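Me: Got a minute to go through an interface with me? I'd like the basics before I set anything up.

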Protein chains: 6
Amino acid sequence: MGRFQPFHRGHLEVVRHIVTGAAAHPLLIAIGSAEQSYTWQNPFTGGERFEMIERALAEAHLSNVVIVPVPDISRHALWVRYLEGLLPPFDRVYSHNPLTLLLFGHAGYVAESPPLVERGRFEGARIRDSLARGESVTELVPTAVDRYLHEIKAAERLRLLRPGGSAPGAAGHPSGR
Amino acid sequence: MGRFQPFHRGHLEVVRHIVTGAAAHPLLIAIGSAEQSYTWQNPFTGGERFEMIERALAEAHLSNVVIVPVPDISRHALWVRYLEGLLPPFDRVYSHNPLTLLLFGHAGYVAESPPLVERGRFEGARIRDSLARGESVTELVPTAVDRYLHEIKAAERLRLLRPGGSAPGAAGHPSGR
Amino acid sequence: MGRFQPFHRGHLEVVRHIVTGAAAHPLLIAIGSAEQSYTWQNPFTGGERFEMIERALAEAHLSNVVIVPVPDISRHALWVRYLEGLLPPFDRVYSHNPLTLLLFGHAGYVAESPPLVERGRFEGARIRDSLARGESVTELVPTAVDRYLHEIKAAERLRLLRPGGSAPGAAGHPSGR
Amino acid sequence: MGRFQPFHRGHLEVVRHIVTGAAAHPLLIAIGSAEQSYTWQNPFTGGERFEMIERALAEAHLSNVVIVPVPDISRHALWVRYLEGLLPPFDRVYSHNPLTLLLFGHAGYVAESPPLVERGRFEGARIRDSLARGESVTELVPTAVDRYLHEIKAAERLRLLRPGGSAPGAAGHPSGR
Amino acid sequence: MGRFQPFHRGHLEVVRHIVTGAAAHPLLIAIGSAEQSYTWQNPFTGGERFEMIERALAEAHLSNVVIVPVPDISRHALWVRYLEGLLPPFDRVYSHNPLTLLLFGHAGYVAESPPLVERGRFEGARIRDSLARGESVTELVPTAVDRYLHEIKAAERLRLLRPGGSAPGAAGHPSGR
Amino acid sequence: MGRFQPFHRGHLEVVRHIVTGAAAHPLLIAIGSAEQSYTWQNPFTGGERFEMIERALAEAHLSNVVIVPVPDISRHALWVRYLEGLLPPFDRVYSHNPLTLLLFGHAGYVAESPPLVERGRFEGARIRDSLARGESVTELVPTAVDRYLHEIKAAERLRLLRPGGSAPGAAGHPSGR
């Protein structure tokens, strides 16, 4: 479970480890905050992230993965129950978010943090920052994602959304909030 | 796109036709009203319907299908745009709902109604009614779905949810609304 | 205040009476349920209704009118306070809805039902029904509205939305709910 | 748990039975649909119902009762978890709604239907109907509730809200929906 | 399109330029975040802002302007489509918000940033700050708006809402959030 | 009215003052933001806070108090009217939030700030901070609350929720937002 803004090489390695490792098993990737887009935290729509992940998995010849975009609900205490109602059954949860691990642990799931691959480097916020500055991210995201980010002109979008960018009101609601 | 309450043999034949027919192409099944459950119109959760469909496709050896549960939004005029934001790109829409066909047609999609297989017989409402009466639906749903409906005690649930059932307030909100 | 689905000659006469009558005063037309559209009760978007009214007033050379689309809120007890927060000050409310009259009366407004012009004939539901049947409504709506309804193909839309229409699932949510 | 539209003698007897009976224990009364008001199904605000119940319990010298108004959420599958988050701990649920009994039963609670006292007679819908017709309900509701209903002019409100009442659009949203 | 918290002389000059300039055309002013009020970012209700603008336009003898308060929706990707559904047709969008310009540009509109009149000086946040400090804003807002701000005691309200004000919890939700 | 995250000795003294002082009168404690939980600002569910308060009042032998959890609404201008609809009648409001005092004052209530008991010391944010650091809060909260916080492992939860905690993404939405 993650937001995948964007899907990067760190994510890909975790997926590869789960579906091809010693204890290989099918994986369901839940795209969190799927209804969010065009903000600095969540620049890409749920559909764009779905597409990124699908292309990256195809490129890496990884199968046995189901992708589901999941819109947020505002009440944390209902989060586990909400996912149980929306998704097919699962018994193990991977996340780097300790709150998620806590909530699913309480509810009886095996909830664990996957081994990190150079976390400092492969981090959504840093990659978004590089994109906004016009820097190359070729070494940080799978090749298929890199190509896709060019297709949808991700750099231009991120430059506009960056908080404290040069544009007045740049990071807010389209109404200017 | 449909609600699949439950997923029946008519649905399965449409899927088979699309992914194995002369003009075979990949298919994305959007489960509508995915956040609804425990009502007469939508007795099964999005997750239960996901599971039903997945099992039925495995049983029928059909692949090239992606399943996505989609919660409703209340504003019809935003429906097309909302799905574009949540799902990976698509260019053709199948539905029996004329409003859906109209809205997607206006937006430039190929929107068509798939050929019906004995529609009178394979209809969600009729199958739910049979379940609520305790009748067998073995001939109406795929074998894997029939087995799953027993597992989750679908008949008991539907008996309680049926409007005009013997129980007072049976079809309403749990608060009694 | 009304929903104006569509704006008809009865509405126009009420407006004319208020802004040109003996006690003429400026009028604010609040379009209720402005966020609703593509349903049988509310087939036209807030914007389409805004456009209809604007054209009809121009055609009738009526001025001194401000039009505001107002999305619903779900809690009736907050309705008066909500409108006070969204609209410029007003001191008199016209409506045919007794609940509206009651709520605004309690809150200290002059709330009155404008004199009806052949109410049986000029009624939204009947006009929608005529449109859905493909009948002419030329005598029921202002000429400018009649022309606009043709422009946006209102008859086709209403035929699809009519409850109990020939199409399966015709009146529901686009997801088929 | 109930909606208490209005709180009647049948409700009062159930409360008396629970807090003074052989297995007497403290009771938490959850007022469902608390955010609803000014509709035929829910004419009284959550606060008015709170007041009714409090006065009736005082009149009957019943204590050991906590009253909590609970706004609805729209997703049935989250209902149990939602109440667990909003209310102090409880281990037993009383309701006449079979869906509520099912959902709480699944979640491990003792969920039971309290013995009915002349259910046909003491029923919210019938009492609302009597009020709307201007009939006396003195024998159907506790004396304190009867007095309160006069104070807030319940009869007038219900006459306006009754579906199919003489007034056009009487039962809808204040916007006329 | 803007939030107009409050409507100042910079806004007025833009409006004057559009409706009386060389390429004069009618203007629709959309008041964004219209449902927000009593926060530091949005201290004035949609109705108060409507009133301010109306008075300022009357004072400046500007006509050919329609004012519409527009409540926000939380999903940016739906923003353009939402406004199309709520407002009468338009073909050109003025905003200082680059995200708005991007989204409308993608959707095929002429989207442009109006020429700024001393932007540093005429800025909502600075004017709110001056009001909160009890300073005069006579030179920053139209005379009619200045008078209106006194009428509604804007200075007192802003002093309470200012983040980091002396009062504990001053800028939060009324519940203290 | 407050959020009571958690209920501390300062709160208890205010309650004691109101229900046992010279001008003793019944008190209704509204738990604000009752639907919030598992965030740094609102770590405890509405139900957990209800339980804390109930136990603390029992321990202190205080009666004549009614406790009601109140979910937030997002529109400040409707706050007073919303509470009037949800709660039994009241005529006096206690709060330390100046916006609450302003809004209720405008609406005709006696709205006052209760005398503070060493406010610097008894403050929710500071107590949460102490809990997150693993420090004892025995002297800051009633004994019954202290015991309850141990029961529900409050320290562990707060450590995870603290903004800027060591864990990546620790303070966000469970989806990682």
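Reply: Sure, one term up front: a polar contact is a pair of N or O atoms within 3.5 Å, where one must be able to donate a hydrogen and the other to accept it. Also keep in mind that this is a predicted model.

Me: OK, so how many residue pairs are in polar contact across the interface of chain C and chain E?

Reply: The rule gives 8 such pairs, with both residues at pLDDT 80 or more.

Me: And how many salt bridges?

Reply: 0 between chain C and chain E.

Me: What about the area buried between them?

Reply: About 1300 Å², with carbon and sulfur atoms giving 69% of that. On the chain C side, C:Phe50, C:Leu86 and C:Pro88 supply 31% of what chain C buries against chain E, more than any other three residues.

Me: Which elements of chain C supply at least two residues each to that side?

Reply: Helix H2 (46–59), strand S2 (65–69) and helix H3 (79–86). H2(C) has the largest share, 5 residues.

Me: How does that side divide into nonpolar, polar and charged?

Reply: 11 nonpolar, 4 polar and 3 charged.

Me: Switching to symmetry: what rotation superposes chain C on chain E?

Reply: One of 180°, with 0.0 Å of shift along the axis and an RMSD of 0.0 Å. That is how a two-fold axis relates copies. C:Val68 is the residue of chain C that comes closest to the axis, its C-alpha being 2.9 Å away.

Me: Do the copies meet through the same surface or different ones?

Reply: The same surface, because 100% of the interface residues of chain C are interface residues in chain E too.

Technical notes:
Residues numbered from 1 in each chain as written. Chains lettered and ligands numbered in written order. Predicted model: local features only at pLDDT ≥ 70, side-chain atom pairs only at ≥ 80, totals over all residues. Heavy atoms only, no water. Buried area = accessible area lost by both parts, 1.4 Å probe. Salt bridge = Lys/Arg side-chain N within 4 Å of Asp/Glu carboxyl O. Polar contact = N/O pair within 3.5 Å; in protein donor to acceptor, adjacent residues only side chain to side chain. Helix = DSSP H or I, 4+ residues; strand = E, 2+ residues; numbered from the N terminus. Nonpolar A, V, L, I, M, F, W, Y, C, P; charged D, E, K, R; others polar. Least-squares fit on C-alpha atoms with pLDDT ≥ 70 in both. Contact = heavy atoms within 4.5 Å.
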